Structure formats: C-alpha cells, structure tokens
Amino acid sequence: MCGRYATTRSEADLSLLFDATSVTEALGPSWNVAPTDPVPLVRMSQRHGGRVVDAARWGLLPPWADDPRAGARMINARAETVATSRAFAPSFERRRCLVPADGWFEWVRDGRLKQAFYMTPRDASVLAFAGIWTMWREQTLTCSVLTTAALGGLAEVHDRMPLILPRERWPEWLAGGGDPGALLQPLTPPSSRRSRCGRSVRTWEMCATTVRICSPPPSGGAGGGDAVLSDVMRTFRVSEVPLR
C-alpha cells in the first residue's frame, strides 16, 4: 500500500530529469499527496512526439465508473495482478507512466499509537514509481501507482512498497506492450549488505526514517497539511528500525 507520498520538484525540473515536455500548469510542491489529489506524471504523447510531464488525478477511474469518488480506492494496483485485472489491465498494456516522487509514508502501529515512517533515497534522487493512466469520460486524466513486495529492511516498516523503476527501464515501461514478467520485475538489492548511517537505517540505498507527524496524517493533501509536513521534514526525529 502506498497511500501518501511526497513530490516537490517543479515541472521544469521534472522535464529535465525525465527528458520530457511539460504540458501542464505548475502544481506546486506537495509533502502530503493524498488519494484523488492532482499529481505530476510522465507519459508518452503522440501529439507531442515523445514524453510529456502531465497532471493526473491520483486514483484510476475505469470507463465504467459512475462516481469519481471511486478513484480513492484505486490509487494502487498490485504488480502481481495488474496484467489480468479488469480495471487495470487495459492501461497496463497501453497506457503506462512514471510517477515522480521524493519518498513515501507508511505508518506502524504500536499499541494505540502510530509511528510515521518516511522512505526516501539516501542520495535525495528522484524516484520513478511505475504507474498506469487512463482518461475518464474524455476529460479527466487519472492514474494509479503499482505496488510490489517490500525489499530488504523496508519490509520492517510495511510489507508493500511502490514498484520503483531505474532510469534504464523507463523507455521500455513507457513504450507499451512488452513482457509483463520482465516489466514488473522489482528492483534487486545490489548486495545483502545493510549499513547504518547516523541513527537512521539505510538499506538498498534507501532510508526508513521516523518522523514526528500527526496520526492520522493531516488532511487536505495539497492543502493545509503540507505546511505541517514541510516543517516536520526539516526536523526529523530519527530512530533505528531493527533489521533481522
């Protein structure tokens, strides 16, 4: 499950990072993307002859959906079933995209309390979540993020994570078609090495870091909750995740 994430890079930055043309108005940074929020994505466009940075509503709406609120339940598509799901398979075959992110949040319950964790690359590089998109009623671009089994020490926080694609896999993912088994292959940790930097746990080039954040998370997605999260992101309270 990936139900909240951060995406703070500008359309200009994303255009450079993904070698794409921006066709959307500036969305502004969000440290607390919530279901149904507008999010940036990178997709192929015949009209523009290549990759474009576009904006979509997070939560894919299949053609038969009557209520746009249904998208809140369609923010994630499991990599294990996306190629055969009635709702997701057509988009997986023909309309794949990349969803840029800085990191994502998960919550771990400890008794009656929840602790928020923020997963992010230790080098602060951009993440490209594997995504799919569709146009609902010919007017609303919507998308979903694919999830897979968590890798390495990240499984200590949650058993699922977004399917992350390295740069060399972007062209094949965006092209459409292809072998589902190869396309949906999760990243392989470069080795079994697990290192700790400071007091945060870093494994598979990722940090799983606890943050002081309200639980449940502030509401509002790209609204008022962002200011709270922005301050929190600059004042991590770090603790270690036990690795076994």
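This is a short talk on the fold, the buried residues and a few backbone details of one protein chain.

Hi everyone, thanks for coming. Before anything else, please keep in mind that this is a predicted model.

Let me begin with the overall picture. The protein chain has 244 residues, and 52% of them count as buried. Its secondary structure comes to 15 strands and five helices. If you take the contacts between residues at least 6 apart in sequence, 67% of them join residues at least 24 apart. As for the surface, the chain exposes about 11800 Å², with carbon and sulfur atoms supplying 51% of that area.

Now to helix 1, which covers residues 11-18. Which of its residues are buried? They are Glu11, Leu14, Ser15 and Phe18. Looking down the helix axis, you find these buried residues within an arc of 105°, so they line one face of helix 1. On the face turned away from that buried side sit the exposed residues Ala12 and Leu16. And what covers the buried residues? The cover includes strand 2 (21-22), strand 4 (38-45), strand 5 (50-58), strand 7 (96-101), strand 10 (127-136) and helix 3 (170-175). Just after the helix comes Asp19, with a positive phi near 50°.

Two of those covering elements, strand 4 and strand 5, deserve a moment of their own. They run antiparallel and are joined by eight bridges. One of the pairs is Pro40 with its bridge partner Ala55 in strand 5. Strand 4 is mostly covered, with six of its eight residues buried. Four residues lie between the strands of this hairpin, and Gly49 in the hairpin takes a positive phi near 70°.

While we are on backbone angles: most residues other than glycine have a negative phi, and most peptide bonds are trans. So here are two more residues to look at on your screens. Thr36, in the loop between strand 3 (30-33) and strand 4, has a positive phi near 80°. Its relative accessible area is 28%, so Thr36 is partly exposed, falling between the 20% and 50% cut-offs. Glu138 also has a positive phi, near 60°, and is found in the loop between strand 10 and strand 11. Is Glu138 buried or exposed? At 78% relative accessibility it counts as exposed, because the cut-off is over 50%.

From that loop we can step into strand 11, residues 140-149, where Ser144 lies. Ser144 counts as buried, at 0% relative accessibility. A polar atom of the Ser144 side chain lies 3.3 Å from the backbone nitrogen of Leu60. Leaving aside residues up to four places away in sequence, Ser144 touches ten-odd names you can click through, including Trp58, Gly59, Leu60, Met74, Phe88 and Ile132.

Last topic, the cysteines. How many disulfides does the structure hold? Zero. Take Cys97: the nearest cysteine sulfur belongs to Cys143 and is 5.6 Å away, and Cys97 is in no disulfide. That follows because a disulfide needs the two sulfur atoms within 2.5 Å. Cys97 is buried, at 0% relative accessibility. Cys2 is buried as well, with a relative accessible area of 0%.

That is my tour, and I am happy to take questions.

Definitions and conventions. Residues numbered from 1 in each chain as written. Heavy atoms only, no water. Helix = DSSP H or I, 4+ residues; strand = E, 2+ residues; numbered from the N terminus. Buried < 20%, exposed > 50% of the residue type's maximum accessible area, 1.4 Å probe, protein only. Contact = heavy atoms within 4.5 Å. Areas by Shrake-Rupley, 256 points an atom, 1.4 Å probe, with all protein chains shown as cover. Arc of directions from axis to C-beta. Polar contact = N/O pair within 3.5 Å; in protein donor to acceptor, adjacent residues only side chain to side chain. Pairing = 2+ DSSP bridges.
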